[in-house]
Amino acid sequence: MSQDYKVVSLASAAAGRQRAEFERGGLLPAPLAAVRDRALTFLRVGLSELFDNADDTLFEKADRASSNADQSLFFDAMRLLRLQRHAIEKSCCDGLERQFASLQSGRSSAPQNGQPFDVDTLSLVQPDELEQTVALDGMVGRVNARNQLPLAHLALRLGSLVGRPVDGADNPLAPSCLVQLFSDSCAPLGLDIKVRLIILKMFERHVFNSIDSLYLDANGLLKNAGILPDLKQDGLPVRPRGPAAAGRTSAGTAGTSEAADPQVLTLFSELISSWRHASGDVALSALGAPSAPPVRSDELLDMLNSFADRQHAGPNTTLHDLRGHINRQLSEQLRQTGEVRKLDRVDDDVISLVSMLFDFVLDDAQLPAALKALIARMQLPILRVAIADKSLFNRASHPARRLLNELARATMGWSDHDDLRRDQLHSLLERMVDRLLGEQQADTAFFEQMHEELAGFVRIEQRRAERLEQRTRDAEEGRARVDAARHQTAQVLNTLLLGRTLPVFAVGLLRDTWSQVLQMVYLREGGNSTAWREAVDTAERLVQSVEPPAAAELAQRPEFNVSVCRALCDGLRLIGEEHPQDLPSMAQLQALQGSVLQRAARAQATRLPSGERAADEDAMAAEVVQEPAAPYQAAAEALPDDGIPVLTETVLVDETLLPMPASDEQVELVDDLPGAAAISWVESLHAGSWFELAAVAEQPAQRCKLAAIISFSGKYIFINRAGMKVAEFTNAALAHHYERQQIRLLADDQLFDRALESVIGNLRQLRTRRD
């Protein structure tokens with residue numbers, strides 16, 4: 001009987017599992033092994049459902065993608081996940097088994113979240129990582145919120161089973177541990193943040209949304225095994241509520257905003273301490289007795305509101321003014337109650353950080369003066385929301401950050417010399433800032449409302465501007481195409497005719513009539529098309545048909561002339577001639593071609609050997625000159641009775657007949673050519689970017705957007721925020737402007753993120769010099 005390799009001995013499988021368990025830290029107790037097996041089954045089923053649905057979800061995303069790059073991103077992710085799904089599933093299950101073994105052995109396999117950050121290597125402004133962290137925290141928070149009691153009972157039972165306390169970091173079934181396992185298993189794939197967030201959302205849908213049953217089953221298995229079977233509601237640990245938590249709740253943000261990363265705040269505290277040491281600044285949190293209770297966040301918000309009510313928070317408000325007001329409020333409390341209070345260290349650092357951010361924004365040379373005036377008035381509302389919701393600094397999607405970023409994008413086209421008194425956007429922004437200053441509870445929801453209002457207005461304005469912008473692009477593209485057609489036509493005909501002695505009639509026909517055909521063909525088909533080459537070939541054959549033929553070509557010339565006339569008629573129909581064969585010019589051309597043939601035949605006859613009869617001359621001419629082809633017979637008969645006028649007058653073409661369109665490109669000396677860096681900068685530009693043109697002569701500095709790079713002319717077309725053309729440059733001219741610092745590219749990244757990155761960089765430099 002043949003051996004069946006699919007049949008596995010249960011004894012050998014169990015032995016192998018026991019060896020693996022011993023290697024990982026020993027055999028698990030039966031109840032713990034049962035919980036592990038139930039968890040592994042649950043995880044395998046959930047991951048299988050996730051990957052079964054991943055193709056459909058990513059395909060739908062690719063179908064709705066706004067660009068080819070995003071579409072390719074989703075398709076590549078589909079293929080990669082399809083290939084690596086089994087490896088990810090195995091990695092997750094193996095990791096879960098290791099965590100159970102570590103729980104039994106007393107070793108922790110979970111990452112140490114308490115490990116301090118390296119200030120020199122940590123970059124706070126990493127939107128991808130922050131977005132993923134926010135997504136993970138949100139998923140974990142939702143599971144914890146609805147499973148608080150089952151998770152607490154499970155931790156107590158696991159602790160009783162292994163003989164030591166088990167917290168969230170040690171519990172292998174804690175949502176934070178499970179989602180971290182999955183995230184770490186997917187990390188080697190190097191997925192883009194867009195795909196990562198989609199996959200994490202699917203993990204929540206297919207794993208976390210049904211994980212409640214796992215916690216109930218795990219507690220049931222342990223309870224049935226006799227492990228703390230009498231746990232009741234009072235077995236749930238109660239966490240004390242501190243003053244800071246109470247302050248956040250009273251401020252109305254604890255239930256709606258995501259918490260700030262404490263390690264991020266710790267990093268800020270370290271950096272700001274270095275700044276205070278270098279600048280001599282004294283923190284309000286250091287005033288008073290070390291054991292003095294800190295001011296709650298809601299009390300600090302009341303102080304800030306009173307500061308605004310007394311109209312101390314003008315555009316020129318400084319950190320010193322605000323701190324002086326808070327210090328006076330603390331002194332007044334001490335006088336009235338006798339209680340020493342001090343500012344919480346975190347709140348004090350937030351005040352300093354917000355002040356630094358606004359100092360950077362107001363010193364940013366890229367921002368127009370009108371926008372700086374508006375943003376300066378927003379300092380106190382931003383500070384209030386930062387005190388109430390400190391996730392402002394580590395959450396890229398925070399409404400206050402999005403509002404500031406949208407402000408910068410919307411006003412990118414403002415110039416300092418613009419009269420904004422009638423500008424609708426400026427009026428809207430002034431009203432919004434007034435509402436922010438007048439709102440006592442300007443929380444994240446209020447900032448979200450402001451952002452939606454501004455974004456909606458900007459979308460409407462952009463649609464209007466885009467229509468004008470498209471018209472400008474179309475007009476410039478059309479003009480460039482016409483100029484290119486004229487240039488190519490003039491170049492072809494001037495090259496063909498210069499230096500030749502030709503009949504005046506033929507020269508005029510090419511210059512006045514066929515040049516129009518050439519331009520039309522170039523515009524319709526382009527300079528690399530077969531139609532263009534045929535039109536140029538017809539012009540060359542026309543010239544050949546009115547020049548004396550060689551003796552060997554005499555017999556073929558009549559048929560050649562007919563083909564030339566037919567090609568001319570085909571071309572004339574393109575410019576609107578319905579019956580070109582009836583035109584007098586065609587009959588005149590045929591008569592000219594016949595006259596040229598007759599002269600060539602007689603000239604050939606005069607070169608015959610002596611003794612030939614003179615009658616041969618007339619016979620040869622009669623043989624060569626045939627009757628006109630049928631299409632042109634009517635035109636010949638329509639001419640006056642005295643016959644077709646043969647226009648045989650010739651002219652030496654010694655100058656260009658068609659003017660060459662003026663070119664913006666000038667011949668430059670080698671020393672005048674732009675440098676490689678300038679040329680590289682110009683070549684890296686793309687349509688849609690905003691620029692500032694320096695003031696030249698009486699023209700003030702202005703901001704403009706690169707609307708199009710015209711392929712036919714190579715010109716760069718710039719428009720203002722209304723979509724109207726304001727400037728155009730050739731490649732070389734733009735490179736020269738760059739070298740002379742007469743044009744600069746405006747940053748189109750997020751204003752808040754740029755400010756935060758700059759502040760962190762400056763603080764790190766101060767810390768380095770201090771160390």
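Me: Happy to look at this with you! In helix α3, on which residue is the kink centred?
Reply: This is a predicted model, so keep that in mind as we go. Helix α3 covers residues 68-105. There is a kink of about 55 degrees in α3, and its centre is Gln-84.

Me: How far does α3 reach from its first C-alpha to its last?
Reply: Helix α3 has 38 residues. At 1.5 Å a residue, 56 Å would be expected. The helix comes close to that, with a reach of 52 Å.

Me: Leu-81 caught my eye too. Is Leu-81 buried or exposed?
Reply: Leu-81 has its place in helix α3. Buried means under 20% relative accessible area. Leu-81 has a relative accessible area of 3%, so it is buried.

Me: Which residue, 30 residues apart from Leu-81 along the chain, has its C-alpha atom 7.6 Å from that of Leu-81?
Reply: Leaving aside residues up to four places away in sequence, Leu-81 touches Phe-51, Ala-54, Leu-58, Ile-88, Leu-189, Leu-191 and Ile-199. The one whose C-alpha atom is separated from that of Leu-81 by 7.6 Å, 30 residues apart along the chain, is Phe-51.

Me: Let's step back for a moment. How many helices and strands does the protein have?
Reply: The protein has 771 residues, of which 44% count as buried. Among contacts with a separation of 6 or more, 75% are between residues 24 or more positions apart. The secondary structure comes to 27 helices and seven strands.

Me: And what share of the exposed area do carbon and sulfur atoms supply?
Reply: The protein exposes about 40,300 Å². Of that area, carbon and sulfur atoms supply 51%.

Me: Now to the open sheet of five strands. What is the order of the strands?
Reply: The pairing in this open sheet is antiparallel. β6 (725-729) and β7 (743-745) each have a single partner strand and stand at the edges, so one side of each lacks a neighbour in the sheet. From one strand to the next, the twist averages 35 degrees. The order is β6-β5-β4-β3-β7.

Me: Which residue of β4 is the bridge partner of Leu-693?
Reply: Strand β3 (residues 690-693) and strand β4 (residues 702-709) run antiparallel and are joined by four bridges. In β4, the partner of Leu-693 is Gln-702.

Me: Which helix, touching β5, β6 and β7, packs on the sheet?
Reply: Helix α18 (residues 444-497) packs on the sheet, but its contacts are with β4, β5 (716-719) and β6, and its direction makes about 40 degrees with that of β6. The helix that touches β5, β6 and β7 covers residues 731-739, and its direction makes about 100 degrees with that of β6. That helix is α26.

Me: Which residue in the turn between β4 and β5 has a positive phi?
Reply: β4 and β5 run antiparallel, with four bridges joining them. Ala-708 stands opposite Ile-717 in β5. The two strands form a hairpin with six residues between them, and the turn residue with a positive phi of about 75 degrees is Gly-714.

Me: Is Lys-705 buried or exposed?
Reply: Lys-705 is found in strand β4. Seven of the eight residues of β4 are buried, so the strand is largely enclosed by the rest of the structure. Beyond residues up to four places away in sequence, Lys-705 touches Glu-469, Gly-688, Ser-689, Trp-690, Ile-717, Phe-718 and Ile-719. With a relative accessible area of 18%, Lys-705 is buried.

Me: What about Asp-419, buried or exposed?
Reply: Asp-419 is found in the loop between α16 (399-410) and α17 (424-438). Its C-alpha atom is separated by 10.0 Å from that of Ala-370, 49 residues apart along the chain. The cut-off for exposed is over 50%. At a relative accessible area of 52%, Asp-419 is exposed.

Me: One more, please! Which elements do the buried residues of α20 pack against?
Reply: Helix α20 (residues 530-545) has 16 residues and reaches 22 Å, close to the 22 Å expected. Its buried residues include Trp-532, Val-536, Arg-541 and Leu-542. These buried residues of α20 pack against α18, β1 (501-503), α19 (504-525), α21 (557-574) and α22 (584-606).

Methods: Residues numbered from 1 in each chain as written. Predicted model: local features only at pLDDT ≥ 70, side-chain atom pairs only at ≥ 80, totals over all residues. Heavy atoms only, no water. Pairing = 2+ DSSP bridges. Axes fitted to C-alpha atoms, helices over the stretch in contact; angles between N-to-C directions. Contact = heavy atoms within 4.5 Å. Expected span 1.5 Å × (residues − 1). Bend = angle between axes of the 7 residues up to and from the residue. Buried < 20%, exposed > 50% of the residue type's maximum accessible area, 1.4 Å probe, protein only. Areas by Shrake-Rupley, 256 points an atom, 1.4 Å probe, with all protein chains shown as cover.
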